[in-house]
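The following exercises treat a ligand site and the packing of helices. Each task is followed by a solution in steps.

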Amino acid sequence: MTNAADKIIVALDVTTKEKALDLVEKLRAEISFFKIGLQLYTAEGPGIVRAVLSTGAKVWLDLKLHDIPNTVGRAVESASHLGVRMLTIHLSGGSEMIRAAIAARADSMLLLGVTVLTSATERTLREIGIYDKVEDQVLRLARLGTEAGIDGVVASPHEIKKLRAEFGNKIKIAVQGIRPSWAEPGDQKRFMTPRQAIEAGADYIGIGRPITTHPQPRDAVSKILGELAGQI
Ligand code: C5P
């Protein structure tokens, strides 16, 4: 059985390697999966990925790649060499780009596709010439990804049910926009609690600020694990 803690991925959205490794050290006893996104990767480069991996933890490298197929393929190859467990690409790059990414990845690495960013609205889609509802565009891109062989998608927790209904367990679903019941929503508007997201069918839940800006990040993790176990 999967342990609830195995589903939680802590987003290391901090400015320096020191801050990131301090969080990893504080949380490592309970958390074994960390996300490194554009902010930290741009500041510290692959060294921070190697440093987190050297603790024995897994890394989700959230670079949301989107470029010509050859360039994306070569970047996926580099991430495979680093040894990350999960990497993201934008599915809106099209099927040729998605297939190039899949062909280049190591067997040990899950390739997840971003459908529509959770920050996007119908207005955002209209600006780029898409006149469908966000939800329809999410499903269209998820179909494109699964037909090309993607391992999973990154979605808003509110999209889990529709994705599961259409794709069953063929794909992994990672969600963000998660707020424990006790946390401040901040700029998150359409959030779910960790427990609601897992009950809706998420395989992985990425959580950042409720843990990373908590005065005692370890206590925040314990409270979340307690909530998942139904103790809170
Ligand atoms: O909001 P929080 O700090 O928990 O965000 C954690 C991660 O989730 C961030 O790295 C961000 O990339 C992602 N995120 C998202 N959609 C949102 C808010 C955050 O995908 N609406």
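## Exercises on a predicted model

Helix α1 passes helix α11 in a right-handed crossing. The model under study is predicted.

**Exercise 1.** Determine how α1 is oriented relative to α11.

*Solution.* Begin with the extent of each helix: α1 comprises residues 17–27, and α11 comprises residues 217–228. Next, take the geometry of the pair: the two axes come within 9 Å and cross at roughly 50°. An angle from 35 to 65 degrees belongs to neither the roughly parallel nor the roughly perpendicular class. Therefore α1 is oblique to α11.

**Exercise 2.** Determine the relation between α1 and helix α3, and state the hand of their crossing.

*Solution.* Helix α3 spans residues 46–53. It packs with α1 at an angle of about 15°, the axes being 11 Å apart. Angles under 35 degrees count as roughly parallel, and α1 and α3 are therefore roughly parallel to each other. Their crossing is right-handed.

**Exercise 3.** Apply the same procedure to helices α4 and α5.

*Solution.* The helices concerned are α4, residues 69–82, and α5, residues 95–104. Their axes lie 8 Å apart, and the packing angle is about 25°. This makes α4 roughly parallel to α5. As for the hand, α4 passes α5 in a right-handed crossing.

**Exercise 4.** Describe the residues that surround the ligand, by number and by class.

*Solution.* The ligand is surrounded by 11 residues. The closest are Asp13, Lys35, Thr118, Arg179 and Arg209. Sorted by class, the shell contains four charged, four polar and three nonpolar residues.

**Exercise 5.** Identify polar atoms of the protein that lie within 3.5 Å of N or O atoms of the ligand, and state what share of the ligand's area the protein covers.

*Solution.* First, consider side chains. An N or O atom in the side chain of Thr118 is 2.5 Å from a nitrogen atom of the ligand. A polar side-chain atom of Arg179 lies 2.7 Å from a ligand oxygen atom. Second, consider the backbone: an N or O atom of Gly208 lies 2.9 Å from an oxygen atom of the ligand. Finally, of the 450 Å² of accessible area that the ligand has on its own, the protein covers 78%.

Key:
Residues numbered from 1 in each chain as written. Predicted model: local features only at pLDDT ≥ 70, side-chain atom pairs only at ≥ 80, totals over all residues. Heavy atoms only, no water. Near = heavy atom within 4 Å. Polar contact = N/O pair within 3.5 Å; in protein donor to acceptor, adjacent residues only side chain to side chain. Areas by Shrake-Rupley, 256 points an atom, 1.4 Å probe, with all protein chains shown as cover. Nonpolar A, V, L, I, M, F, W, Y, C, P; charged D, E, K, R; others polar. Axes fitted to C-alpha atoms, helices over the stretch in contact; angles between N-to-C directions. Helix = DSSP H or I, 4+ residues; strand = E, 2+ residues; numbered from the N terminus. Parallel < 35°, antiparallel > 145°, perpendicular 65-115°, else oblique. Left-handed = near helix turned anticlockwise from the far one by under 90°.
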